[in-house]
Amino acid sequence: MSASREKKQRQNDPAGGLTQKQIQERKEAAIRKRNHIIYGIVGAVVVVLVAALLVWDSGFFQGRSTAIAVNDRNFTPAEVAYYYYSNRNMYANYGLIDGSQSDKETVYDEESGKTYYDFFLDSAKSSLTTIAAELDAAEAEGMTLNEESVQSVEDTIQQVKDEASTYGYPYEAYLKAAYGKYMTPSAFKTCLEHAALASQYATAHQDSLTYDEAALEEYYNESKKSLDTFVYRSLYFDGAAATVTDEEGNTVEATEEQTQAAMDEAKAKADAMLAELNAGGDFDTLAQAAVEEAGEGVMTYAGEQTTVGNSLSGVTASWLQDVNRTAGEYGVAESDSGYYVLQFVERYRDETPTVDVRHILIKAETTDEDETDENGSPIPTEEAMNAAKEEAQKLLDEFNAGDKTEDAFAALAEANSDDPGSSSNGGLYTNVRKGAMVESFDSWIFDESRQAGDTGLVENTNSGQQGWHVMYYVGQNVPYWQVTATSSLKSADMSDWLEQLQEGYEATEGSGLQYLTVS
């Protein structure tokens, strides 16, 4: 065989002219190589699966899933939990829910079978719908968080950090304890920023609403019973049947006969007092005698009361707001569970000018060793009160040594005031009505000789607020009835505005809702 033919034969020979042993060795090597590749691929897949499992256990995917979608905005389980628990915690703080019971197992409405989980979730959906609409509108107008809103977010975060520290929690762990396992510091900040921007946008719209005197007069004529001020006396006779317990300590529901008997007794007492009043008796004297006869803690009497109509409610409102009432008239009004004895003193449109005032509160320092008052608040020592007065005087002296402008006072208030309700806006309170502040504060700002730019020191002896005020009188503002009318109009217009803003917005549940951690 020629060399060329031999070469061609080797090329056509799959074995390549190898011996049987060599062929076998090549097959085994190929198998080992193929197995190495397979094992490598399987190993890589296992690593990926383990990593995915670890990420899943960490909550990475669950925390980023969509729990509630409102149009084009997706809200995570943590964001839903923020609003769910904001409402739930309010109910818990007021003792309206049993914290030992599961929300999903506790019935909120017997008729529909709706649970507290359903109720708080619906509340969260409503909040998220409003937030989504306001955020969309704010972003469309190019609004971003202003300095005050940014500071508010930072202050809230710091407050929660302080709470966590007080309870011995790391910040992140405290958030999870409060809002569920998927709440993180970044998610919490996002919730606060969204809420702040939405609130900022709504406030800007509300501040833009103005009403001239003609509009206010028209509204007053339509809403006198809500805007007028009522002066009256009231004493309530409770018609609820006495609570009875069985041998095991369980409360026994009163029978219809017992309930009716209790109501009849309350009516008899109310009618008897009314008869004495119509015979010339004095309301205060008779009311005090009834309270003493009932025993400690059974009845209370507040004396003469002055209230704007929109703050009245129930049968008291119905009786007092009757246009046929005359000065000094007495009457009895029946409620679902008792009877009110009432005296109509007078009704009027409050033309008293409100005032605008700035102040700096310097609270007296207290210690755990100080005595406490009936509210459980520490009572500062005389030395502490004197120290607070000295600090207040120094601030007043500093103000008087400068240009003595309102802006200068506002700057001092922002830097020094202990009043959380006004320190951020330069200590300013606007449209303050007579009687709204503590007596010493009220007397100073409504002094008939008061002039714009007046300053002074006022002692505060109110429980939990003891200290001294540095005062700056800005001046008079509109009559109080106009303040009430403007507030009512704004409230109605804001409701309409929000309703229009949310048209077309709908909250739908997403797969991530299953990760909402609830009690």
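The exchange below goes through the core and the pockets of a predicted model.

Mentor: Local features in this predicted model need pLDDT of at least 70, side-chain atom pairs count only at pLDDT 80 or more, and totals for chains, interfaces and linings use all residues. Residues are numbered from 1 along each chain as its sequence is written, and side-chain values use heavy atoms, with hydrogens and water left out.

Trainee: What makes a residue count as buried, and what share of the 519 residues does?

Mentor: Buried means under 20% relative accessible area, exposed over 50%, and partly exposed in between, with a 1.4 Å probe and protein chains only. By that cut-off, 36% of the 519 residues of the protein chain are buried.

Trainee: Why is the set with Val80 and Tyr84 called a nonpolar core?

Mentor: A nonpolar core is a set of buried Ala, Val, Leu, Ile, Met, Phe, Trp, Tyr and Cys residues joined through side-chain atoms within 4.5 Å. The largest such core has 52 residues. Val80, Tyr84, Met183, Phe188 and Leu516 touch the most other members. Their residue types are all on the list, so the name fits.

Trainee: Which element gives the largest share of this core?

Mentor: Helix 5 does, with 13 residues. Helices here are DSSP runs of H or I, at least four residues, and strands are runs of E, at least two, numbered from the N terminus. The chain has 17 helices and 15 strands.

Trainee: What does Met183 touch?

Mentor: Leaving out residues up to four places away in sequence, Met183 touches Ala78, Tyr82, Leu175, Lys176, Phe188 and Cys191. Contact means heavy atoms within 4.5 Å.

Trainee: What makes a space a pocket rather than a cavity?

Mentor: Both are sets of points on a 1 Å grid over the protein atoms alone. In a cavity, a 1.4 Å probe fits but cannot get out. A pocket is an open set with protein on both sides within 12 Å along at least five of seven lines. Lining residues have an atom within 4 Å of a point.

Trainee: What is the volume of the largest pocket, and which element gives the most to its lining?

Mentor: The volume is about 590 Å³, the space filled by probe spheres set on grid points joined across faces, edges and corners. Helix 6 gives the most to the lining, with eight residues.

Trainee: How many residues of each class line the second largest pocket?

Mentor: The lining has 15 nonpolar, one polar and five charged residues. Ala, Val, Leu, Ile, Met, Phe, Trp, Tyr, Cys and Pro count as nonpolar, Asp, Glu, Lys and Arg as charged, and the others, Gly among them, as polar. Phe237 and Lys269 are among the residues nearest the centre, so this lining has a nonpolar and a charged residue there.
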